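User: Please take a close look at one part of this model and describe it together with its surroundings. Please state the cut-off of each term where it is used.

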Amino acid sequence: MTKFNRNLMLDADSPVESLAIDRKRRSLDDGVGLCLSGGGYRAMLFHVGGLWRLNELGCLKKLDRISSVSGGSITAGVLGLNWSRLGFDAAGVAAEFESQLVAPVRSLAGRTIDRMAILFGLLGPGSISARVARAYRKHLFGDKTLQDLPDDPPRFVINATNVQSGALWRFMKPYMRDWRVGRVSNPSLPLSVAVAASSAFPPVLSPAQLNLVSSAFDPGSGEDLQREPYTTRVILTDGGVYDNLGLETVWKNYSTVLVSDGGGKMRLDPRPKRNWVNHVLRVLSVIDNQVRSLRKRQTIDSFRKGTRRGAYWGIRTNIDDYGLSSALQCDFGKTTELADVPTRLRKLDARTQERLINWGYAVCDAAMRRHVEPGLPAPAGFPYPAVEV
């Protein structure tokens with residue numbers, strides 16, 4: 001994968017906000033970052049397909065950072081935990097990709113965990129988010145912590161949103177931090193808790209709470225909020241609330257950015273409810289939809305202008321738009337059906353799982369061969385050829 005250097009450019013057209021701490025950087029690292037969006041099980045499986053194709057192309061091992069939010073953090077967490085067992089060969093292709101990533105993710109996708117988490121969380125004791133973390137611990141991560149993620153590269157960054165500061169809360173092996181509250185170095189936080197915080201979809205699975213001690217923070221590492229209760233009772237929600245594409249920690253650091261977007265879209269409602277609760281929820285959905293759309297447009301525009309090199313592929317993309325005659329055939333009507341799978345942690349049948357993986361695989365392939373490395377070989381077929389998309 002070709003790399004190049006660019007001067008750091010975070011201007012009005014950038015999809016992420018420029019902060020004072022960012023302006024200290026003079027240039028971007030000559031590296032490649034991958035962003036995995038939110039979207040529940042739908043996004044989780046869609047990203048598996050994209051990663052499958054990146055692995056076949058020998059690009060997975062070349063990634064310097066994998067930044068994730070929400071449903072994408074489930075996939076990233078499993079990939080990070082099992083990274084050392086992937087068995088990369090000399091060409092950078094992981095022989096154990098299916099056993100170490102696909103199998104455990106599909107096993108989770110065959111279970112509904114949000115319904116029981118909500119039920120028992122409401123009845124108590126314990127919060128809904130704690131129940132989700134318990135399910136992740138049981139079915140995916142066991143007792144592993146952030147310290148069980150691999151040493152760089154790639155660096156895995158699991159993102160949540162700090163409701164108190166309005167900033168991004170980042171979980172990773174070297175530290176977890178909010179630039180305003182401060183940094184906790186070498187955190188031993190359970191991986192299941194970090195992923196549960198990142199995927200605490202509001203309103204039902206949110207918030208997630210971290211109970212910390214102020215002394216755990218590196219002295220002087222916070223901009224203006226390194227004090228109680230910000231340092232002792234951290235209230236988090238879904239990482240997608242702040243940045244549904246997981247862009248920020250990649251965009252501010254690397255010259256090549258790959259974006260896999262399995263996010264949802266606001267549904268049309270010809271007769272919206274007029275009571276104040278439902279009306280407020282609908283208005284918030286409009287705001288959220290516009291922010292997501294703006295980030296997407298600005299990201300793609302930045303690729304076109306040359307501010308960044310890379311590619312965007314989305315679950316609502318029409319694969320024909322890439323203009324690639326050798327792309328896998330994907331009927332837009334069928335892929336739109338997949339894009340409308342609800343944003344839930346709810347059991348999906350085997351056929352839907354395989355279609356979502358196939359779709360992520362196909363559209364990632366088209367994006368990579370059209371915009372990043374035109375000389376890459378075309379795929380032989382879908383991972384699950386019997387179902388296609």
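Analyst: Helix 6, residues 191–198, is mostly covered, with seven of its eight residues buried. Buried stands for under 20% relative accessible area, exposed for over 50%, and partly exposed for the range in between, with a 1.4 Å probe and protein chains only. Helices are DSSP runs of H or I with at least four residues, strands are runs of E with at least two, and both are numbered from the N terminus. The buried residues of helix 6 are L191, S192, A194, V195, A196, A197 and S198.

This is a predicted model, in which local features need pLDDT of at least 70 and side-chain atom pairs count only at pLDDT 80 or more, while totals for chains, interfaces and linings use all residues. Residues are numbered from 1 along each chain as its sequence is written, and side-chain values use heavy atoms, with hydrogens and water left out.

From L191 in helix 6, the description can pass to Q147: the two are 44 residues apart in sequence, yet 8.6 Å apart in space from C-alpha to C-alpha. Q147 lies in the loop between helix 5 and strand 3 (155–162) and is partly exposed at 26% relative accessibility. Contact is defined as heavy atoms within 4.5 Å. On that basis, and leaving aside residues up to four places away in sequence, Q147 touches K173, N186 and P187.

N186, one of these partners, belongs to the loop between strand 6 (182–185) and helix 6. Its relative accessible area of 53% makes N186 exposed. Most residues other than glycine have a negative phi, and most peptide bonds are trans. N186 has a positive phi of about 50 degrees although it is not a glycine. E388 also has a positive phi, near 50 degrees, and is likewise a residue other than glycine; it is placed in the segment after helix 11 and is partly exposed, at 44% relative accessibility.

On the other side of helix 6, the loop that runs between this helix and strand 7 (208–211) holds P207. S206 and P207 are joined by a cis peptide bond, with omega at about 5 degrees. Another cis bond joins E228 and P229, where omega is about 0 degrees, and P229 is found in the loop between strand 7 and strand 8 (233–238).

Helix 5, which precedes the loop of Q147, takes part in a helix packing. Helix 2 (residues 71–81) and helix 5 (residues 128–141) pack at about 45 degrees with their axes 12 Å apart; the axes are lines fitted to C-alpha atoms, for helices over the stretch in contact, and the angles run from 0 to 180 degrees between N-to-C directions. Helix 2 is therefore oblique to helix 5, since angles under 35 degrees count as roughly parallel, over 145 as roughly antiparallel, 65 to 115 as roughly perpendicular and the rest as oblique. I74, G77, V78 and L81 of helix 2 make the contact with Y136, L140 and F141 of helix 5. By class, six of these residues are nonpolar, one is polar and none is charged; Ala, Val, Leu, Ile, Met, Phe, Trp, Tyr, Cys and Pro count as nonpolar, Asp, Glu, Lys and Arg as charged, and the others, Gly among them, as polar.

Aromatic rings provide further links. Rings of Phe, Tyr and Trp (its six-membered ring) pair if their centres lie within 6.5 Å, and planes under 30 degrees apart are stacked, over 60 edge-to-face and the rest tilted. By this rule there are seven aromatic pairs. W52 and F97 form a tilted one, 5.9 Å from centre to centre with 55 degrees between the planes. W52 lies in helix 1 (residues 40–56) and F97 in helix 3 (residues 97–109), so the pair ties together parts that are 45 residues apart in sequence. W52 is buried at 8% relative accessible area, and F97 is buried at 2%. W251 and F303 form another tilted pair, at 6.2 Å and 45 degrees. W251 is in helix 8 (residues 248–251) and F303 in helix 9 (residues 276–305), 52 residues apart.

F303 is also among the residues touched by A311, including V257, L258 and H371, not counting those up to four places away in sequence. A311 lies in strand 10 (residues 309–314) and is buried, with 1% relative accessible area.
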